[in-house]
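Work through these exercises with the structure open beside you. Try each task before you read its solution.

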Amino acid sequence: ATLSNATESTAEGSTTETVRRRKLFEWCDGPLVLAMKQGAAFLLDEISLADDSVLERINSVLEPARLLVLAEKGGAQVEEIVAHDRFRFFATMNPGGDFGKKELSPALRNRFTEVWVPPVLDREDLLCIVQTSLCSAAQPLASVALDFLAWLPTRLSAPRTFSLRDYAAWTAFVNKTVGDGILSPELALLHGACLVFLDALGTGGLMVADPVQARGDCIRQLQHMLLSAGCDLPADAAVPEQPGSPLPPLGQGPDGVWRMAPFVLPSPGASGTLPLTTAAAQPPPALDAAAAAGAG
């Protein structure tokens, strides 16, 4: 009897596995379902950008019963999940007046406890955030970054306040290029400013009367700030200030990598590399000293 039961169990397991392998799709619990089962915290970022169908689907989770019916899962019985006692639902959104944003319905907002977080404008707070975001080698330059972004709006045609996203993009570039040994912290800060801010002068919220002149003024101002902070800028630290300025020489090494110091751009392969003479005569736009850094 024991052998028979074991044989039947093995056969059933084999059949179940065969059916499972033949399925085109298989249900897998997502973050919300897992958080409800495990009693974890769930964060829905930018909830105001979610489709109405998504918001309607989570309504039952936010009600006192904290129930989620998985009708999509299928099966002989519809699964109903009641959230664990420790389950918590968090959501974030920007004010409805922001570009492309919308307000939540009053009924949905009433299900949350709202916490208003004002923009971070205090210099000490910004300094702490930027220093924490930067790698250790670049942390001494956090005050230079703040000073430059405090000065930059004075060069624009209209007032502009920079957000934490702007700082995050700048610090991410610095961390990547310094961490990979491509640039020194000072040069990383300089090229990062070009990539995130200065290359966009004359567009969007960075309007200026003369973008070319403004770009040169900004680069010279940041270089001056770095030197005033006691930083050493090598002689080749200059960034092209306007279209048509001489670029560093472009060349391809034996490893099949295009180089425009200090940045590199892997070629598609030995058979698909661009002839050096053609590349030198017509350097790709992506190899602009600042733009190439993003590709490198």
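**Exercise 1. Count the helices and strands, then find what share of the chain is buried.**

Solution.
- Step 1: This is a predicted model. Its chain has 11 helices and 7 strands.
- Step 2: The chain has 296 residues, and 31% of them are buried.
- Step 3: Turn to the surface. About 18000 Å² is exposed, and carbon and sulfur atoms supply 57% of that area.

**Exercise 2. Find the largest nonpolar core and say which helices supply it.**

Solution.
- Step 1: The largest nonpolar core holds 40 residues. Phe-148, Trp-170 and Leu-198 have the most contacts inside it.
- Step 2: Helices H5 (123–133), H6 (142–151), H7 (164–179), H8 (185–196) and H9 (211–228) each give this core at least two residues.
- Step 3: Look around Leu-198. Leaving out residues up to four places away in sequence, Leu-198 touches Phe-148, Leu-152, Ala-193, Arg-215, Cys-218 and Ile-219.
- Step 4: A second core is separate and has 21 residues, including Val-33, Phe-42, Leu-62 and Leu-104.
- Step 5: Set this beside a general trend. In soluble globular proteins, nonpolar side chains tend to be buried together.

**Exercise 3. Describe helix H9: its span, its buried residues and what covers them.**

Solution.
- Step 1: H9 has 18 residues. From first C-alpha to last it reaches 25 Å, close to the 26 Å expected at 1.5 Å a residue.
- Step 2: Its buried residues are Ala-214, Arg-215, Gly-216, Cys-218, Ile-219, Leu-222, Gln-223, Met-225 and Leu-226.
- Step 3: H6, H7 and H8 are among what covers those buried residues.
- Step 4: After H9 comes Gly-230, with a positive phi near 85°.

**Exercise 4. Which parts of the chain does the pair of Phe-89 and Phe-112 tie together?**

Solution.
- Step 1: There are 6 aromatic pairs. Phe-89 and Phe-112 form one that is tilted, 5.9 Å centre to centre with 55° between the planes.
- Step 2: Phe-89 sits in strand E4 (residues 88–91), and Phe-112 sits in the loop between helix H4 (106–109) and H5. The pair therefore ties together parts 23 residues apart in sequence.
- Step 3: Phe-89 counts as buried because its relative accessibility is 14%, and the cut-off is under 20%.
- Step 4: Now find the aromatic cluster formed by Phe-148, Trp-151, Phe-162, Trp-170 and Phe-197.

**Exercise 5. Is Cys-128 buried or partly exposed? How many disulfides does the structure hold?**

Solution.
- Step 1: Cys-128 has a relative accessible area of 47%, so it is partly exposed.
- Step 2: Cys-231, at 10%, is buried.
- Step 3: The structure holds 0 disulfides.

Terms used. Residues are numbered from 1 along each chain as its sequence is written. This is a predicted model: local features need pLDDT of at least 70, side-chain atom pairs count only at pLDDT 80 or more; totals for chains, interfaces and linings use all residues. Side-chain values use heavy atoms; hydrogens and water are left out. A nonpolar core is a set of buried Ala, Val, Leu, Ile, Met, Phe, Trp, Tyr and Cys residues joined through side-chain atoms within 4.5 Å. Buried means under 20% relative accessible area, exposed over 50%, partly exposed in between (1.4 Å probe, protein chains only). Helices (H or I, at least four residues) and strands (E, at least two) are DSSP runs, numbered from the N terminus. Contact means heavy atoms within 4.5 Å. Accessible areas come from the Shrake-Rupley method with a 1.4 Å probe; for residues, only the protein chains shown count as cover. A disulfide is a pair of cysteine sulfur atoms within 2.5 Å. The expected span of a helix is 1.5 Å times one less than its number of residues. Rings of Phe, Tyr and Trp (its six-membered ring) pair if their centres lie within 6.5 Å; planes under 30 degrees apart count as stacked, over 60 as edge-to-face and the rest as tilted.
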